[in-house]
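The following report sets out the secondary structure, surface and strand pairing of a single protein chain. It is intended to be read alongside the sequence and the coordinates.

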Amino acid sequence: MHANTQDFQVFYKAVGVAGGALTAGGAGDAVEVTSDAVDRDGFDSAQLLFTGRTTCAAEQTLKATVKLAESEDGTAFGADETLASDETVVVGGAAPQSFCYRVDLRVANRKRFLRLKVTPDLSAVGTDTAQWGAALVLGGADEFPVR
């Protein structure tokens, strides 16, 4: 099959994982958010995209921790594997900042179902805020649809 840019959706599938709002030292800050089970059947790679907008004071940060667990049936998951630990996503400045942090995954040799956990963490107390979301983009489709 010859692919072109119009065939993008043939090769990739995006799945919403989590998201929310957080205030430094308050609601949502440093709280682990767990996704539903994601069926990766038919795909051999993936990217977790952690994206959003934040207002961080100068020298303050937004960090992220990302974990993954696997399951054969989508209900009984194994131990969490840490993919990113306290990774600095944003260092504050004078203006609000948009961000997109990417974690690459090879999923071909993993179990069929994946569950992700994302923990956003603002370093300041009470002043910094963020709106964030995470999506898992599955890629490298094993089969192409009949056209």
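The chain exposes about 7900 Å², an accessible area obtained by the Shrake-Rupley method with a 1.4 Å probe. Carbon and sulfur atoms supply 48% of that area. This is a predicted model, in which local features need pLDDT of at least 70 and side-chain atom pairs count only at pLDDT 80 or more, while totals for chains, interfaces and linings use all residues. Residues are numbered from 1 along each chain as its sequence is written, and side-chain values use heavy atoms, with hydrogens and water left out.

Of the 147 residues in the chain, 37% are buried, that is, under 20% relative accessible area (1.4 Å probe, protein chains only). Contacts are defined by heavy atoms within 4.5 Å. Among those between residues at least 6 apart in sequence, 81% join residues at least 24 apart.

The chain contains one helix and nine strands, taken as DSSP runs (helices H or I, at least four residues; strands E, at least two) and numbered from the N terminus. The helix precedes the strands in the order α-β-β-β-β-β-β-β-β-β.

Four strands form an open antiparallel sheet in the order 1-9-4-7, where pairing requires that DSSP finds at least two bridges between two strands. Its edge strands, each pairing on one side only, are listed below.

| Edge strand | Residues |
|---|---|
| Strand 1 | 13–23 |
| Strand 7 | 97–106 |

Strand 1 pairs with strand 9 (residues 129–141) over 10 bridges in the antiparallel sense. Within strand 9, tryptophan 132 stands opposite glycine 20.

Definitions and conventions. Buried means under 20% relative accessible area, exposed over 50%, partly exposed in between (1.4 Å probe, protein chains only).
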